[in-house]
Amino acid sequence: MPTTSITNIGTLVTNAPELGEGPLGLVENAALVIEDGKIAWAGPTARTPPTDTTHDARGGAVIPGFVDSHSHLVFAGDRTAEFNARMSGRGYSAGGIRTTVAATRAATDAELERNLVRHLSEALRQGTTTFETKSGYGLTTHDEERALRIAAAHTDEVTYLGAHIVSPDYAEDPAAYVELVTGEMLDACAPHARWIDVFCEKGAFDGDQARAVLTAGRARGLHPRVHANQLSYGPGVQLAVELDAASADHCTHLTDADVDALANSDTVATLLPGAEFSTRAQWPDARRLLDAGATVALSTDCNPGSSFTSSVPFCIALAVRDMGMTPDEALWSATAGGAKALRRTDVGHLGVGARADLAILDAPSHVHFAYRPGVPLVREVRRAGKPQGA
Ligand code: NIG
Ligand code: FE
């Protein structure tokens, strides 16, 4: 197998403490060797072993590619008017989801796929090499199944979210909609998905309904993750922990008991600051979760309603500025944290044997994501060692 080295790296973030300093396993003036799409060696440039080809990072930092563990990218239309109204003082509610459901149902498969690919390439250019995405804007058996089928052609991390809101067609009979989501719709969707999710919130699904959805999914081999405690306090986080969900996502309104439960579990608290930014809501308290010992992931929640950004660097900047995270913690949460939220060990780090999914920056260190917010700092992205796009 031919080998490639990347040399003259400013700060290398490996997230492999055995390779360098601190939890981020930082190496200065570093180099990497890639063989067969995987990391074969990492250390100081001066000690780089001979390789078939060499790429000079010219002092730029290298980080593991971002693992965006929460997005909603199979949709049509946009909600500019709703955002505009919100910025003039109107509040956010789950109700806006219906606008996107109508546009998504009306779109062809080709339109949905084009939109998905557009957002994926946007995310890739900003350093995202692994992403999860969900259904949830179809809410019929046919429309949920096709959303998942389209998503599965582009990622392994596909989540069935038939329980996003009660379908408008079932407004008078939510129990019948839960029956559909846990019955015929689940049967059609399960073959295309790895995960099952539910929006556990006032105006969406209560604790009992959410439990019914998640346990039905689990019985079909899907692993749970939960939209929990976004708009208000509620049972979502406790349910996620009880069912060993891979993550409880949003975690904006948490009691001390919720924080304790997360800290004593394998359920990752996935924070989505793009949503609080775009809905002018209070920030989730990352510091409180970290100090309690919880594992925190940072993701975009990219969707046309509550968080229309595909930029993990933007989320890092928000988390550092407003959620009490250090630049190191935010970088870890957007890479290794995302991988934990997807229960993946092959991505989110650049330890020996990891997939060579990485970004080379136009900046000497990862700290610049928060220090230079809004600046396009990702110079080059590689997946399994291969340079992506131009
Ligand atoms: O994660 N909270 C529920 N779902 C999305 C919002 C979807 C929408 O507004 O279209 C979220 O924020
Ligand atoms: Fe979401």
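**View 1. V259 in helix α9 is a buried residue.** V259 has 20 C-beta neighbours inside 10 Å, so this residue counts as buried. A residue needs 20 or more such neighbours to be called buried, which is the count found for V259. The helix that holds V259 is α9, made of residues 256-263. If you look for G59 as well, be ready to travel: V259 and G59 are separated by 200 residues in sequence and by 40 Å in space, C-alpha to C-alpha. Please keep in mind, here and in every view below, that this is a predicted model.

**View 2. The whole protein, for orientation.** Let us step back for a moment. The protein is built with 14 helices and 17 strands. Its radius of gyration is 21 Å, close to the 21 Å that the globule rule gives for 390 residues, so the protein is as compact as a globular protein of that length. Along the principal axes, the C-alpha atoms fill a box of roughly 70 × 45 × 45 Å. Of the 390 residues, 56% count as buried. UniProt, in an unreviewed entry, lists residues 62-363 as "domain: Amidohydrolase-related". Over residues 62-363 the chain is 43% helix and 15% strand, and the C-alpha atoms at the two ends are 9 Å apart.

**View 3. The shell around ligand 1 has 13 residues.** Here the ligand takes centre stage. Among the 13 residues that surround ligand 1, the closest are I97, F199, N303, G305 and S306. What mix of nonpolar, polar and charged residues makes up the shell? Three are nonpolar, nine are polar and one is charged. Two of the closest residues, N303 and G305, appear again in the next view.

**View 4. Y137, N303 and G305 carry a "binding site" annotation.** This feature comes from an unreviewed UniProt entry. Why can Y137, N303 and G305 be said to gather at one spot? They span 169 residues in sequence, yet no two of their C-alpha atoms are more than 11.2 Å apart, so they gather at one spot. To find Y137, follow the loop between β7 (128-134) and α4 (141-152). Is Y137 buried or exposed? With 31 C-beta neighbours inside 10 Å, Y137 counts as buried.

**View 5. H70, H72, H227 and D301 form a second annotated group.** UniProt places the feature "binding site" (unreviewed entry) at these four residues. They are spread over 232 residues of sequence but cluster in space, with a largest C-alpha distance of 12.0 Å. H70 sits in the loop between β6 (66-68) and α1. Since 32 other C-beta atoms lie within 10 Å of H70, this histidine is buried.

**View 6. Helix α1 is hardly covered.** The loop that holds H70 leads to α1, so it is a handy place to look next. Helix α1 covers residues 80-87, and of its eight residues the count that are buried is zero. Just after α1 comes G89, with a positive phi of about 120°.

**View 7. Helix α7 has a buried face.** Helix α7 runs over residues 207-219 and has 13 residues. From its first C-alpha to its last, α7 reaches 18 Å, close to the 18 Å expected at 1.5 Å a residue. The buried residues in α7 are Q209, A210, V213, L214 and G217. Seen down the axis of α7, its buried residues fall within an arc of 125°, so they line one face of the helix. A little background helps: an α-helix has 3.6 residues a turn, so residues three or four places apart point the same way. On the face of α7 turned away from its buried side you can find the exposed residues D208 and A219. Just after α7, G221 takes a positive phi of about 90°.

**View 8. D36 and R280 have a positive phi.** Most residues other than glycine have a negative phi. D36 is not a glycine, yet has a positive phi of about 55°. The place to look for D36 is the loop between β2 (26-35) and β3 (38-44). D36 has 11 C-beta neighbours inside 10 Å and so counts as exposed. R280, also not a glycine, has a positive phi of about 50°. R280 belongs to the loop between α10 (273-279) and α11 (286-292). With 12 other C-beta atoms within 10 Å, R280 is exposed.

Conventions. Residues are numbered from 1 along each chain as its sequence is written. Chains are lettered from A and ligands numbered from 1 in the order in which they are written. This is a predicted model: local features need pLDDT of at least 70, side-chain atom pairs count only at pLDDT 80 or more; totals for chains, interfaces and linings use all residues. A residue is near a molecule or strand if its C-beta atom, placed from the backbone, lies within 6 Å of it. Ala, Val, Leu, Ile, Met, Phe, Trp, Tyr, Cys and Pro count as nonpolar, Asp, Glu, Lys and Arg as charged, and the others, Gly among them, as polar. UniProt positions are given in the numbering used here, feature names are shortened, and annotations may be inferred rather than shown by experiment. Helices (H or I, at least four residues) and strands (E, at least two) are DSSP runs, numbered from the N terminus. The expected span of a helix is 1.5 Å times one less than its number of residues. The arc is that of the directions from the helix axis to the C-beta atoms. The radius of gyration is taken over C-alpha atoms; the globule rule is 2.2 Å times the number of residues to the power 0.38.
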